[in-house]
Amino acid sequence: MNLAFYVHIPYCIKRCGYCDFNTYTPSELQITTGLKSITNSYTNLLIAEIKSARKQLGDQSTVPSIFFGGGTPSLMEASDIESIITAIGSEFDLASDVEITLESNPDTVDREKLENFYNAGVNRISFGMQSAVPHVLATLDRTHNPDNLYQVTQWASDVGFKEISVDLIYGTPGESKADWQKTIDTALSLPITHISAYALIIEEGTKLAAQIKRGEVGPVDDDLTAEKYIMADNAFTKFGFDWYELSNWSKPNSESKHNLAYWLGHNWWGAGPGAHSHINGKRFWNVKHPNLYKQKIDAGEAPVADSEDLQESQIESERLMLSIRLPSGVEKSTLNEKQILDLSGYVKSGHLDEGNWDNGRAALTLEGRLIADRIVREILL
Ligand SMILES: C[S@@+](CC[C@H](N)C(=O)[O-])C[C@H]1O[C@@H](n2cnc3c(N)ncnc32)[C@H](O)[C@@H]1O
Ligand code: SF4
């Protein structure tokens with residue numbers, strides 16, 4: 001079977017105000033010796049989990065993609081990343097065209113580090129750009145200088161990376177349309193092949209959510225955010241980046257295989273604290289805190305917190321939810337009568353493409369992409 005690998009690196013130098021990912025700063029972990037001391041020993045824990053994955057799965061699966069996500073994977077030493085790739089390659093078969101992505105914060109890499117990651121086997125790099133506008137980055141509580149993006153993407157290209165992506169966030173309070181246009185134009189001037197653009201989610205419990213509650217930062221304007229999605233799609237398409245998932249655009253053949261594996265419901269193993277796995281209709285996830293994760297691995301126990309066997313109906317709902325987000329949409333023959341009736345209203349209103357509908361598929365138009373969540377909620381009632 002094919003098995004995509006997600007490797008979670010749960011460390012950041014500082015927590016950004018909007019982020020509620022499972023990541024920890026040195027002060028949260030009460031580390032005074034710097035992150036390097038823990039990231040090295042963390043590698044051995046990941047390798048132990050990879051070996052135990054092989055034992056549990058038994059067969060020699062083929063790995064089409066590995067994704068180092070975070071947190072901040074670019075804080076790791078390239079030699080550690082190489083050891084993890086080697087461990088996956090010795091327990092499983094790496095596909096000959098394996099895609100190996102590493103998420104990177106622009107201010108944690110230089111040319112040499114990027115070259116070392118490339119030589120370690122990483123062949124796709126994704127930079128957390130977020131915005132090109134200083135006041136937007138300040139509201140997001142990001143630490144990097146936006147001008148660094150020119151430098152790091154050029155270095156990545158110079159050292160050999162052919163697949164370079166940036167992550168953008170739109171809809172930050174105080175971000176004008178001109179600000180967002182500047183971010184779009186800047187991203188499109190970089191030597192990149194892929195863009196992920198996410199609408200800012202205000203996550204409960206984050207510093208940004210508290211600032212909005214206290215009135216120190218303005219609220220999110222949903223209508224403006226929708227307009228920004230259209231601005232992005234128009235500009236990206238004009239420059240040859242086509243959407244292949246609601247929040248993802250790429251040059252031809254530069255779609256992320258790893259992302260597609262999630263969206264197409266394939267099998268994946270998530271290694272590291274809090275990482276989720278999905279194997280043949282069973283889902284399981286690891287304990288969240290790195291210290292507990294270490295305790296479990298050191299004791300020779302599985303680091304799993306809990307698991308669930310997906311019911312047929314859950315698998316079906318997930319398939320619908322994920323595939324409607326793709327340009328190919330959902331095959332009408334897999335829908336029930338009520339769903340077809342509900343969706344035919346969205347064809348009339350222009351949210352689903354009429355030509356595709358007539359050819360047996362429910363596929364979103366640009367207008368429909370703006371309300372994809374609402375459409376899915378309605379048909380899953
Ligand atoms: C969790 S980060 C990991 C990579 C790296 N640390 C970084 O910040 O770029 C991956 C991406 O998730 C997105 N993200 C995180 N929190 C978000 C939020 N609350 N709303 C929208 N996007 C978010 C950001 O665009 C970020 O680049
Ligand atoms: S650097 Fe990335 S993972 Fe870390 S806190 Fe910021 S957004 Fe979250």
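This passage walks through the domains, cores, cavity and a few single residues of one predicted model.

A word on the ground rules: local features here need pLDDT of at least 70 and side-chain atom pairs count only at pLDDT 80 or more, while totals for chains, interfaces and linings use all residues. Residues are numbered from 1 along each chain as its sequence is written, chains are lettered from A and ligands numbered from 1 in the order in which they are written, and side-chain values use heavy atoms, with hydrogens and water left out.

The chain splits into domain 1 (4–263) and domain 2 (313–380), with bounds that come from an automatic or database domain assignment. Between the C-alpha centres of domain 1 and domain 2 there are 29 Å. Where the two meet, 13 residues of domain 1 and ten residues of domain 2 take part in the contact; contact here means heavy atoms within 4.5 Å.

Next, the nonpolar interior. In soluble globular proteins, nonpolar side chains tend to be buried together. A nonpolar core is taken as a set of buried Ala, Val, Leu, Ile, Met, Phe, Trp, Tyr and Cys residues joined through side-chain atoms within 4.5 Å. Buried stands for under 20% relative accessible area, exposed for over 50%, and partly exposed for anything in between, using a 1.4 Å probe and protein chains only. The largest such core counts 90 residues, and Phe127, Val166 and Phe236 have the most contacts inside it. Its top contributor is helix α1 (residues 35–57), which puts in nine residues. Helices (H or I, at least four residues) and strands (E, at least two) are DSSP runs, numbered from the N terminus. Domain 1 (4–263) and domain 2 (313–380) each supply at least three residues to this core. Another core, of ten residues, lies apart from it and includes Cys16, Leu200, Leu208 and Val217.

Phe127 makes a good entry point to the largest core. With neighbours within four places in sequence set aside, Phe127 is in contact with Ser104, Pro106, Val109, Leu114, Leu149, Val152, Thr153, Ala156, Ile164, Ser165, Val166 and Asp167. Ile164, Ser165 and Val166 turn up again around His194, which also touches Arg124, Phe241, Tyr244, Asn248, Trp249, Ser250, Ser254, Glu255 and Ser256, not counting residues up to four places away in sequence. His194 sits in strand β6 (residues 194–199) and counts as buried because its relative accessible area is 1%. From His194 to Arg374, 180 residues apart along the chain, the C-alpha atoms are separated by 27 Å.

As for empty space, a search of the whole structure turns up one cavity of 30 Å³ or more. A cavity is a set of points, on a 1 Å grid over the protein atoms alone, where a 1.4 Å probe fits but cannot get out, and lining residues have an atom within 4 Å of a point. Grid points are joined across faces, edges and corners, and the volume is the space filled by probe spheres set on the points. The largest cavity comes to about 40 Å³, and its lining is made of Glu49, Ser52, Gln56, Trp269, Asn286, Ala302, Pro303 and Val304. Helix α1 provides the largest share of that lining, three residues. By type, the lining has four nonpolar, three polar and one charged residue; Ala, Val, Leu, Ile, Met, Phe, Trp, Tyr, Cys and Pro count as nonpolar, Asp, Glu, Lys and Arg as charged, and the others, Gly among them, as polar.

Some backbone details are worth a look. The peptide bond from Gly70 to Gly71 is cis, with omega near 15°, and Gly71 falls in the loop between β2 (62–70) and α2 (78–91). Gln130, in strand β4 (residues 124–130), has a positive phi near 70° although not a glycine, and is buried at 6% relative accessible area. Asn253, also a non-glycine with positive phi, near 65°, sits in the loop between β8 (248–250) and α9 (257–263) and is exposed, with a relative accessible area of 71%.

Two more loop residues round things off. Gly300, between α10 (290–298) and β12 (304–309), counts as exposed because its relative accessibility is 67%; the C-alpha atoms of Gly300 and Ala48 are 8.8 Å apart, with their places 252 residues apart along the chain. Asn336, in the loop between β13 (330–331) and α12 (337–348), is partly exposed at 41%.

Notes. On a 1 Å grid over the protein atoms alone, a cavity is a set of points where a 1.4 Å probe fits but cannot get out, and a pocket is an open set with protein on both sides within 12 Å along at least five of seven lines; lining residues have an atom within 4 Å of a point.
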